[in-house]
Amino acid sequence: MRDSRPQSIENLFETTEGQGVLQTIQQRAIALNKLNRAVQGILPAQMHPWCRVANFRQGILVLETANASWMMRLRYEQSSLLSALRAQILPSLTAIDITINPSLAAKAQESVQKSGSQSAAEENVPGRQLSEQSAEILRSVASRSPEKLKRIIEQLASLAGESTSSTSRNK
């Protein structure tokens with residue numbers, strides 16, 4: 001059973017049998033990071049932001065994925081991943097357990113957006129634009145709409161000619 005009682009910070013820095021608690025934690029984190037890089041090297045590139053190594057215990061590799069969709073895709077890769085990891089770095093690997101971690105989805109989405117915005121900037125792809133004709137149609141719809149909706153549609157029509165990449169929804 002775990003000892004989960006509060007401990008003095010001095011206990012973290014004490015070395016018992018040549019290793020301190022912090023040193024053990026650091027070594028474990030380094031090992032999991034190496035394992036994560038190995039798994040990322042085996043998986044297809046599109047899965048990299050959506051999957052990561054969570055733990056390795058008692059011969060079972062625990063992988064986290066963003067949602068059920070990515071979990072199913074990972075299950076298709078599971079047997080090849082298992083055999084490749086056994087051959088390369090983990091001969092003691094007996095199984096792979098896949099769990100869903102929704103917080104990983106937010107992080108992955110941010111990294112995908114960052115890489116997407118960088119690639120769009122590099123390619124100099126123009127953003128979509130609202131034509132003047134579309135703006136006129138929107139204004140005519142706004143004239144027949146309730147007041148609150150009218151203001152919103154007129155605001156949208158005023159964007160005619162502007163690139164959508166220069167406008168932000170998060171203002």
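Select strands β3, β4 and β5 first: in this predicted model they form an open sheet of three strands in the order β3-β4-β5, with mixed pairing. The edges are occupied by β3 and β5, each of which has a single partner strand, so one side of each lacks a neighbour in the sheet. From one strand to the next, the twist averages 25°.

Next, restrict the selection to β3 (residues 51-57) and β4 (residues 60-65). These strands run antiparallel and are joined by six bridges. To view one pairing, display Phe56, whose bridge partner in β4 is Leu61. Then follow the chain through the turn: β3 and β4 form a hairpin with two residues between them, and Gln58 in that turn has a positive phi of about 50°.

Now add the helices that lie across the sheet. Helix α2 (residues 21-42) lies across β3 and β4 and runs at about 130° to β3. Helix α3 (68-88) lies across β3, β4 and β5, running at about 160° to β5.

Within α2, select Asn36. Is this residue buried or exposed? Asn36 has a relative accessible area of 18%, and it is classed as buried because that value is under the 20% limit. Apart from neighbours within four places in sequence, Asn36 is in contact with Arg52 and Val53.

Proceed to the largest nonpolar core, which has 24 residues. Which members touch the most others? They are Val39, Leu61, Leu63, Leu93 and Ile96. At least two residues of this core are supplied by each of α2, β3, β4, α3 and β5 (95-100). The largest share, six residues, comes from α3. As general background, nonpolar side chains in soluble globular proteins tend to be buried together.

Centre the view on Leu93. Setting aside neighbours within four places in sequence, Leu93 is in contact with Phe56, Gly59, Ile60, Leu61, Leu82, Leu85 and Arg86. Phe56 and Leu61 in this list are the bridge partners displayed earlier.

Finally, select helix α5 (residues 132-143) and helix α6 (residues 147-157). Their axes are 9 Å apart and the helices pack at an angle of about 170°; α5 and α6 are therefore roughly antiparallel to each other. To display the contact, choose Ala135, Leu138, Arg139, Val141, Ala142 and Ser143 of α5, together with Lys150, Ile153, Glu154, Leu156 and Ala157 of α6. Coloured by class, this contact of α5 with α6 shows seven nonpolar, one polar and three charged residues.

Note on methods. Residues numbered from 1 in each chain as written. Predicted model: local features only at pLDDT ≥ 70, side-chain atom pairs only at ≥ 80, totals over all residues. Heavy atoms only, no water. Helix = DSSP H or I, 4+ residues; strand = E, 2+ residues; numbered from the N terminus. Buried < 20%, exposed > 50% of the residue type's maximum accessible area, 1.4 Å probe, protein only. Contact = heavy atoms within 4.5 Å. Axes fitted to C-alpha atoms, helices over the stretch in contact; angles between N-to-C directions. Parallel < 35°, antiparallel > 145°, perpendicular 65-115°, else oblique. Nonpolar A, V, L, I, M, F, W, Y, C, P; charged D, E, K, R; others polar. Pairing = 2+ DSSP bridges. Core = buried A, V, L, I, M, F, W, Y, C linked by side-chain atoms within 4.5 Å.
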